Amino acid sequence: MAHSLHREGSVDSLERDYCLFVYPAGGLNYARSAPRLRRLLEILYEAGPSNIIATSLRRNPYSGVGRQEVLDSIKDGTRIYCTFNSRDKLKEALRRIKEADEGISIVVSGLIDRVREMAAEIELKPHTINLSLGIHGRTDRLPPPPEIRQFTTMCGHGMVSPNLVRDVIRKVKRGKMDYWKGSLVLAAPCTCGIFNPHRSEELLRNLAPLYTVSRW
Amino acid sequence: MRKSIFSAALVCLLVLVISLPWVTAARAEEKYSSRQINWYIHASAGGGTDIFSRMAVIRLRRILKVPIIISSIIGVDLEDIQKITRALARAGIHEIEPNNPIASMIKDRNTGDLKPESLGERVLSAIIEIQVKRDRLRPVLRAVKGVADKVGSIFCLDVYTMLEPGVKVPQEILDTIRAEGYSWRPNAKINMGLGRAWE
């Protein structure tokens, strides 16, 4: 699955945006995986993710769902998707996952150089990479970069509408919504759990002064 | 099994033709919802998705008090998929992953033609997965580039490959990508090598 692969934005912004996926695989380690997945989920919670969902529940922490409810929902084969807003948090999560040695596939999506550094520091041996060669075809129909797509591409399924982004920017600009609340509004439609509201808050702070509102 | 797949497959590609849920023409400068809403669906008129949408919109119009127009726009026409499968077939690429749903729609692997009953249908998104040896990456990339401006939707192109020690992407892969006029993003998905099989 490549839905986290096309996150756009500056390298500086992507420095604070990493996704981590826990993927049990059918026919390989799907059966009897539930207890292992629960332990991995606990590790991820302890590391302080910006967003996290389990596919058994599909509700992110900002929807009001509690940690125990998510843990209780875990079944064999549940996948866990999460984002971190710092390299250090991700590194700590990976270090503890390595120690736990649950045998479930872990995929990290982020800047290649940073992942390379982390792998060396905690002595992991990544074996496969998925490179994005970009978006092609009718790119004229995409929203304009970079101000909108850096938000919308944070949800891999394109569930964050560019019009919602514009609406939130406008509300923030007018003082009707603060940056964090605006970020949570943007994170709400994302059911894949990889929309990073901390990055979104930062992007809103950077963008709001530059955005022109035609009617107050 | 996973190990044998990895050793056999040096380069794999994903051509993800995705829908355009973020493509709308509306501006955001007005209070929601003060204007007509365009409700885009990926399915053809008369199908279940279309009927459901029309039923939902009847009630929604009363609540939001604005016109809501249903259009079958989002998604990709399978004829667009056929353009890509044909271009790949012309380039001698027939290694579409057999477990990929697209593979079951292909009528003739030599020409890349889809089954006639598939044409005219729309899907929300589709993935074409191809697994080739490294030396055949070049014709795949070239074929995809050649057909890109003929596809009526957008698509993402990914390459995945085994890493060399030290999280190094094989230079041969990078050289090929560059030579065919593509570039790669600084962020990527990386399997950290922590999984193992017990089934």
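Reader: Is A:Thr83 buried or exposed?

Author: Buried. In this predicted model, A:Thr83 has a relative accessible area of 0%.

Reader: Which strand is that residue in, A:Thr83?

Author: A:Thr83 is in strand β3 of chain A, residues 80-84.

Reader: What is A:Thr83 in contact with, leaving aside its neighbours within four places in sequence?

Author: Several stretches of chain A. Among the contacts are A:Arg7, A:Tyr18 and A:Cys19. A:Pro49, A:Ser50 and A:Asn51 are also on the list. So are A:Gly193, A:Ile194, A:Phe195 and A:Asn196.

Reader: And the strand as a whole? How many residues of β3(A) are buried?

Author: Five of its five, so β3(A) is mostly covered, where buried means under 20% relative accessible area.

Reader: Which residues sit on which side of β3(A)?

Author: A:Ile80, A:Cys82 and A:Phe84 are on one side. A:Tyr81 and A:Thr83 are on the other. Both faces are covered.

Reader: Why that every-other-one pattern?

Author: In a regular strand, side chains alternate between the two faces of the sheet.

Reader: What does β3(A) pair with?

Author: β1(A) pairs with β3(A) in the antiparallel sense, over five bridges. Strand β2 of chain A, residues 51-54, is antiparallel to β3(A) too, over four bridges.

Reader: Which residue in β3(A) is the bridge partner of A:Phe21?

Author: A:Tyr81. For A:Ile52, the bridge partner in β3(A) is A:Cys82.

Reader: New topic. How many salt bridges over all chains?

Author: A search of the whole structure gives 31. One of them joins the side chains of A:Asp17 and A:Arg199, at 3.4 Å from N to O.

Reader: Where do A:Asp17 and A:Arg199 lie?

Author: A:Asp17 is in the loop between α1 (11-14) and β1 (18-23) of chain A. A:Arg199 is in helix α9 of chain A, residues 197-207. They are 182 residues apart in sequence, so the salt bridge ties together parts that are distant along the chain.

Reader: Are A:Asp17 and A:Arg199 buried or exposed?

Author: Both are buried.

Reader: What about A:Asp88? Which residue does it form a salt bridge with?

Author: A:Arg87, with the closest N and O atoms 3.8 Å apart. A:Asp88 is exposed, at a relative accessible area of 57%. A:Arg87 counts as buried, at 18%.

Reader: Got one in chain B?

Author: Yes. B:Arg54 and B:Asp50 meet through their side chains, 2.9 Å from N to O. They are four residues apart in helix α2 of chain B, residues 48-64, so about one helical turn separates them.

Reader: How covered are B:Arg54 and B:Asp50?

Author: B:Arg54 is partly exposed, with a relative accessible area of 42%. B:Asp50 counts as buried, at 4%.

Reader: Which residues do shared salt-bridge partners join into one network?

Author: A:Glu15, A:Arg87, A:Asp88, A:Lys91, A:Arg114, A:Glu117 and A:Glu121.

Reader: Now the two chains. How many residues of chain B are in contact with chain A?

Author: 52 residues of chain B, in contact with 69 residues of chain A. The two chains bury about 5800 Å² between them. Carbon and sulfur atoms make up 59% of that area.

Reader: How many salt bridges and polar contacts between chain B and chain A?

Author: One salt bridge. A:Asp101 and B:Arg196 form it, at 2.8 Å from N to O. There are also 30 residue pairs in polar contact, both residues at pLDDT 80 or more.

Reader: Which element gives the most to chain B's side?

Author: β9(B), with nine residues. By class, that side of chain B has 33 nonpolar, 10 polar and nine charged residues.

Reader: Which strands pair between chain A and chain B?

Author: Strand β5 of chain A, residues 128-137, pairs with β10(B) in the antiparallel sense over four bridges. A:Thr128 stands opposite B:Asn191 there.

Reader: Last one. Which residues have a positive phi although not glycine?

Author: A:Glu123 is one, at about 55°. A:Glu123 lies in the loop between α5 (112-121) and β5 of chain A, and counts as exposed at 62% relative accessibility. B:Lys65 is another, at about 60°. B:Lys65 lies in the loop between α2 and β3 (68-72) of chain B. At 68% relative accessibility, B:Lys65 counts as exposed.

Key
Residues are numbered from 1 along each chain as its sequence is written. Chains are lettered from A and ligands numbered from 1 in the order in which they are written. This is a predicted model: local features need pLDDT of at least 70, side-chain atom pairs count only at pLDDT 80 or more; totals for chains, interfaces and linings use all residues. Side-chain values use heavy atoms; hydrogens and water are left out. Contact means heavy atoms within 4.5 Å. Buried area is the accessible area (1.4 Å probe) that two parts lose on being put together, summed over both. A salt bridge is a side-chain nitrogen of Lys or Arg within 4 Å of a carboxyl oxygen of Asp or Glu. A polar contact is a pair of N or O atoms within 3.5 Å; within protein, one must be able to donate a hydrogen and the other to accept it, and residues adjacent in sequence count only if both atoms are side-chain atoms. Helices (H or I, at least four residues) and strands (E, at least two) are DSSP runs, numbered from the N terminus. Ala, Val, Leu, Ile, Met, Phe, Trp, Tyr, Cys and Pro count as nonpolar, Asp, Glu, Lys and Arg as charged, and the others, Gly among them, as polar. Two strands pair if DSSP finds at least two bridges between them. Buried means under 20% relative accessible area, exposed over 50%, partly exposed in between (1.4 Å probe, protein chains only).
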